[in-house]
Amino acid sequence: QLMESGGGLVQAGGSLRLSCAASGSIRALNVMGWYRQVPGKQREWVATVTRGGSTNYADSVKGRFTLSGDFDKNSVYLQMNSLKPEDTAVYYCVATGTTMYWGQGTQVTVSS
């Protein structure tokens, strides 16, 4: 129900843009954003944006990542700049309305 795209392999210092779109059956989303997970570690919050336009970022990505949301299209975009090897993870889109939805995840690999 959440379709992600944009992951891949990039060198350190490079950029990637992740996209996520909710299917048409999903309505009344209030918050959208991204988490990430490295094998063997807990899923980590990256950034979220509210329907009202409030955006928040984890300290580890602040100043490098930019999140934008289009709630008319039930979509969210994560522009990732100045990528570091420690950003390597599976990135999961999340959306919250009357319930919480998760995407299937997209791999981001940053080589040193």
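Here are three short exercises on this predicted model, each with a worked solution.

**Exercise 1.** Find out where Glu-4 sits, and which side chain of opposite charge is nearest to it.

*Solution.* Start with the strand: Glu-4 belongs to strand 1, which covers residues 2–5. Next, check its surroundings: Glu-4 is buried. Now look for a charged partner. The nearest side chain of opposite charge is Arg-43, 7.8 Å away. A salt bridge needs the atoms within 4 Å, and Glu-4 has none.

**Exercise 2.** Which backbone nitrogens does the side chain of Glu-4 reach?

*Solution.* Take them one by one. The backbone nitrogen of Gly-105 is reached at 2.6 Å. For the backbone nitrogen of Gln-104, the distance from the Glu-4 side chain is 3.2 Å. Then widen the view, skipping neighbours within four places in sequence: Glu-4 also touches other residues, including Cys-20, Trp-34, Tyr-92, Cys-93 and Thr-106.

**Exercise 3.** Work out how strand 4 pairs with strand 5 and with strand 9.

*Solution.* Begin with strand 4 (residues 31–37) and strand 5 (residues 44–50): they're antiparallel, with six bridges. To pin down one of these pairs, go to Arg-36, whose bridge partner in strand 5 is Glu-44. Between the two strands of this hairpin there are six residues, and Gly-40 has a positive phi near 85 degrees. Now turn to strand 9 (residues 89–96). Strand 4 runs antiparallel to strand 9 too, joined by seven bridges. As a check, look up Val-31: its bridge partner in strand 9 is Thr-96.

Technical notes
Residues are numbered from 1 along each chain as its sequence is written. This is a predicted model: local features need pLDDT of at least 70, side-chain atom pairs count only at pLDDT 80 or more; totals for chains, interfaces and linings use all residues. Side-chain values use heavy atoms; hydrogens and water are left out. Helices (H or I, at least four residues) and strands (E, at least two) are DSSP runs, numbered from the N terminus. Buried means under 20% relative accessible area, exposed over 50%, partly exposed in between (1.4 Å probe, protein chains only). Lys and Arg count as positive and Asp and Glu as negative; His and the chain ends are not counted. A polar contact is a pair of N or O atoms within 3.5 Å; within protein, one must be able to donate a hydrogen and the other to accept it, and residues adjacent in sequence count only if both atoms are side-chain atoms. Contact means heavy atoms within 4.5 Å. Two strands pair if DSSP finds at least two bridges between them.
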